[in-house]
Amino acid sequence: MHLPISKRLLACAEYIRPGDAVADVGCDHGYLGIHLLTNGIAKKVFASDINAGPLQAARCNSEKYGVADRMTFHLSDGVANVPRDFDALVCAGMGGDTMVSILESAPWLKCNRYRLVLQCQSKTPLLRRYLSENGWHIKEETVLKDGRFLYTVIEVIWDPDAPRLTVGQWYISPALLKNDCPETAEYVLRILEGLRLAVSHRDDPEKKQALEELEKVL
C-alpha cells in the first residue's frame, strides 16, 4: 500500500537512526512515523499534535498501515504531554518561531540524550540564531527541493561549548555549506538574492551585516 509521504518528511527520516524511539511533534497525518515503522527504522513513535483532528487522522492511518501497536498518540502543545523516553525529536512543517517556542517550553531537552530533527518552513535564520545562542549545535543541514520550494532539514545536538554562529551563519550555516547535495548552491544563491533585495529596499542592519559577511566568505 503506497504511503503518500512528502520529500520533506523523507528527508527528516534520513536523520533517524535504526532503533530510535521518535517523538513526532506536530505529526499531522502521521505519515512520518508510519514510514519509520513500516521500514524498520524506528522502534517506537510518539505522535503528537496540538489539534485533535490531525491526531485522530494519524491514529486512523496507523491502523490502516498496520503500525498502531508501535505508535502512541498525544494531544499536546509542543512536547508538554509527550513521554520523555525518546531519542530523536522531529518537528516538521512549522515556522522557526513555533519551534523556538516549543524548545523554550522544554528546558529538559538540553542534554546529550536527545537529538533534534527540524524541518523549518519559515524564519529559519531566527531558528538557527536561537539554537546557537542557547547551547545547541547544528551538526548537519540538508537542502531539498519539494515542488518549486527549497527547504532545509537540520540535525541538532546539545553542545554548549560549540562556537556560536555569526550573523551571516544565521542565514547560511557552516553545516549547510559542507553539504554537497545538488540543491545547496541554489539555496545559497536564493538567500543572497533575498538579502540583497531586502537591503536595497529598507535599512536593515542585521541583513546588511549578514550580506556583507556572506559575500566575503562566498
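A salt bridge is a side-chain nitrogen of Lys or Arg within 4 Å of a carboxyl oxygen of Asp or Glu. In this predicted model, a search of the whole structure finds twelve such pairs, and one of them joins Glu 206 to Arg 129, with the closest N and O atoms 4.0 Å apart. Because Glu 206 lies in helix α9 and Arg 129 in helix α5, this pair ties together parts that are 77 residues apart in sequence. The points below begin with the charged pairs and then turn to a buried aspartate, to backbone angles and to other places in the chain.

**Salt bridges**

- Arg 129 also forms a salt bridge with Glu 133, where the closest N and O atoms are 3.2 Å apart, and these two residues both lie in helix α5, four residues apart, about one turn of the helix.
- Glu 133 is partly exposed, with a relative accessible area of 34%, Arg 129 counts as partly exposed at 34%, and Glu 206 counts as partly exposed at 29%.
- The side chains of Arg 8 and Asp 146 meet in a salt bridge of 4.0 Å, N to O, and this pair links distant parts of the chain, since Arg 8 is in helix α1 (residues 7–13) and Asp 146 is in strand β6 (residues 136–146), 138 residues apart.
- Within that pair, Arg 8 is buried, with a relative accessible area of 18%, whereas Asp 146 counts as partly exposed at 22%.
- Asp 20, Arg 115 and Glu 155 are linked in a network of salt bridges.

**A buried aspartate without a salt bridge**

- Asp 49, in strand β2 (residues 44–49), is buried yet has no salt bridge, and the nearest side chain of opposite charge, that of Arg 8, is 12 Å away.
- Polar atoms of the Asp 49 side chain lie 3.0 Å from the backbone nitrogen of Asn 51 and 3.5 Å from the backbone nitrogen of Cys 27.
- Apart from neighbours within four places in sequence, Asp 49 is in contact with Gly 26, Cys 27, Asp 28, Pro 54, Leu 55, His 74, Leu 75 and Ser 76.

**Positive phi angles**

- Most residues other than glycine have a negative phi.
- Asp 28, in the loop between β1 (21–25) and α2 (31–38), has a positive phi near 55°, and at 39% relative accessibility this residue counts as partly exposed.
- Lys 123, in the loop between β5 (115–122) and α5 (124–133), likewise has a positive phi near 55°, and Lys 123 is partly exposed, with a relative accessible area of 45%.
- Gly 135, which follows α5, has a positive phi near 90°.

**Buried positions and a surface patch**

- The buried residues of α5 are Thr 124, Leu 127, Arg 128, Tyr 130, Leu 131 and Ser 132.
- Asp 204, in the loop between α8 (184–201) and α9, is buried, with a relative accessible area of 16%, and a polar atom of the Asp 204 side chain lies 3.2 Å from the backbone nitrogen of Lys 207.
- Ala 21, in strand β1, counts as buried at 3% relative accessibility, and the residues in contact with Ala 21 include Lys 43, Phe 46 and Phe 86.
- The C-alpha atoms of Ala 21 and His 201 are separated by 47 Å, with these positions 180 residues apart along the chain count.
- Leu 177, Val 217 and Leu 218 form a nonpolar patch on the surface, together giving about 270 Å² of accessible area, and Leu 218, in the segment after α9 (205–217), is partly exposed at 47%.

Key. Residues are numbered from 1 along each chain as its sequence is written. This is a predicted model: local features need pLDDT of at least 70, side-chain atom pairs count only at pLDDT 80 or more; totals for chains, interfaces and linings use all residues. Side-chain values use heavy atoms; hydrogens and water are left out. Patches are made of residues with over 30% relative accessible area and no salt bridge: like charges are joined within 9 Å, nonpolar side chains (Val, Leu, Ile, Met, Phe, Trp, Tyr) within 5 Å. Accessible areas come from the Shrake-Rupley method with a 1.4 Å probe; for residues, only the protein chains shown count as cover. Buried means under 20% relative accessible area, exposed over 50%, partly exposed in between (1.4 Å probe, protein chains only). Lys and Arg count as positive and Asp and Glu as negative; His and the chain ends are not counted. A polar contact is a pair of N or O atoms within 3.5 Å; within protein, one must be able to donate a hydrogen and the other to accept it, and residues adjacent in sequence count only if both atoms are side-chain atoms. Contact means heavy atoms within 4.5 Å.
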